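Q: Please explain the terms used for this predicted model, setting each value against the cut-off behind it.

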Amino acid sequence: MEKILYVVLEQWADWELAYISSAVNMLGQGKFENKTVSLTKNAVTSIGGIKCLPDYDLQNIPPDNAAVILIGGMSWHNENALQVKPLVKSCIKSGKVLGAICDACRFLGSVGALNNEKHTANDLNELKQYAAYTNEQGFIHRQAVSDNNIITANGTATLEFAQEILRALSVATEEQISGWYDFHKLGFYVASMPKM
């Protein structure tokens, strides 16, 4: 079973991981296994105060992974986050799915990982402050963007981000993924009404 690796740093955004991981389990029917990675195997605390004991640290990542998803949060601008750069570069080189949301997009821009693909983030001007970022023309003002297996989303696009990841990994059929998205985005009463 292939693994989806969620990189969580101190003060990670709980809600940005919740939709993806639960959809993978509900729709994927055992295709993938959700695993967390951090700088060390010490517990990391989310913005909401939830402690996560990572499955792996950066030195012990298994090779049988299908995707690396950088979960946003308050620590991607810290110098320690640069330890994640080799994992990002390896993921891009191998053509695996790489996802980043919110401040994790800024991190990808700061290490030059968005220079060849269309992408989005919280703010273009934020990306432009990094010398390694050279792809202003590739920035798209959309909730989530998927290009060449790199998926980016702004911090208000948790569901859109999850939907693009589910599609990129073929977790379920397009109809199932769209139904899941509509249910969570539109609500029970709108999404479950018969189509006319």
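A: Helices here are DSSP runs of H or I with at least four residues, strands are runs of E with at least two, and both are numbered from the N terminus. In these terms, Gln29 lies in the loop between α1 and β2.

Q: What makes Gln29 exposed?

A: Its relative accessible area is 69%. Exposed means over 50%, so Gln29 counts as exposed.

Q: What is notable about the phi of Gln29?

A: The phi of Gln29 is near 45 degrees, a positive value in a residue other than glycine. Most residues other than glycine have a negative phi.

Q: Where is Cys102 placed, and is Cys102 buried or exposed?

A: Cys102 sits in the loop between β7 and α3. Its relative accessible area is 18%; since buried means under 20%, Cys102 is buried. Cys102, which is not glycine, also has a positive phi, near 60 degrees.

Q: Why are α1 and α6 called oblique to each other?

A: The axes of α1 (residues 14-28) and α6 (residues 174-186) come within 12 Å and cross at roughly 135 degrees. Roughly parallel requires under 35 degrees, roughly antiparallel over 145, and roughly perpendicular 65 to 115, with the rest counted as oblique. The pair of α1 and α6 is therefore oblique. Tyr19, Ala23, Met26 and Leu27 of α1 make this contact with Gln176, Ile177, Trp180 and His184 of α6.

Q: How do the residues of the contact of α1 with α6 divide?

A: They comprise 6 nonpolar, 2 polar and no charged residues. Gln176 and His184 fall outside both the nonpolar and the charged lists and therefore count as polar.

Q: What makes α5 and α6 roughly antiparallel to each other?

A: Helix α5 (residues 158-168) packs against α6 at an angle of about 170 degrees, with the axes 10 Å apart. Roughly antiparallel applies over 145 degrees, so α5 and α6 earn that description. Among the contacting residues are Glu160 and Arg167 in α5, and Glu174 and Lys185 in α6. The contact of α5 with α6 divides into 6 nonpolar, 3 polar and 4 charged residues.

Q: How do you know that β1 and β2 pair?

A: Two strands pair if DSSP finds at least two bridges between them. Strand β1 (residues 2-7) and β2 have 6 bridges and run in the parallel sense. Ile4 has Asn34 in β2 as its bridge partner, and Leu5 stands opposite Lys35 in β2.

Q: What makes β2 mostly covered?

A: Of the 7 residues in strand β2 (residues 32-38), 6 are buried, that is, under 20% relative accessible area.

Q: Why do β5 and β8 stand at the edges?

A: The open sheet has 7 strands in the order β5-β2-β1-β6-β7-β9-β8, with mixed pairing. β5 (56-57) and β8 (144-147) each have a single partner strand, so one side of each lacks a neighbour in the sheet.

Q: Which strands does α3 touch as it packs on the sheet?

A: Helix α3 (residues 103-110) touches β6 (65-70), β7 (97-101) and β9 (150-153), and its direction makes about 120 degrees with that of β7. Helix α5 likewise packs on the sheet, touching β6, β7, β8 and β9. The direction of α5 makes about 170 degrees with that of β9.

Definitions and conventions
Residues are numbered from 1 along each chain as its sequence is written. This is a predicted model: local features need pLDDT of at least 70, side-chain atom pairs count only at pLDDT 80 or more; totals for chains, interfaces and linings use all residues. Side-chain values use heavy atoms; hydrogens and water are left out. Axes are lines fitted to C-alpha atoms, for helices over the stretch in contact, and angles run from 0 to 180 degrees between N-to-C directions. Contact means heavy atoms within 4.5 Å. Buried means under 20% relative accessible area, exposed over 50%, partly exposed in between (1.4 Å probe, protein chains only).
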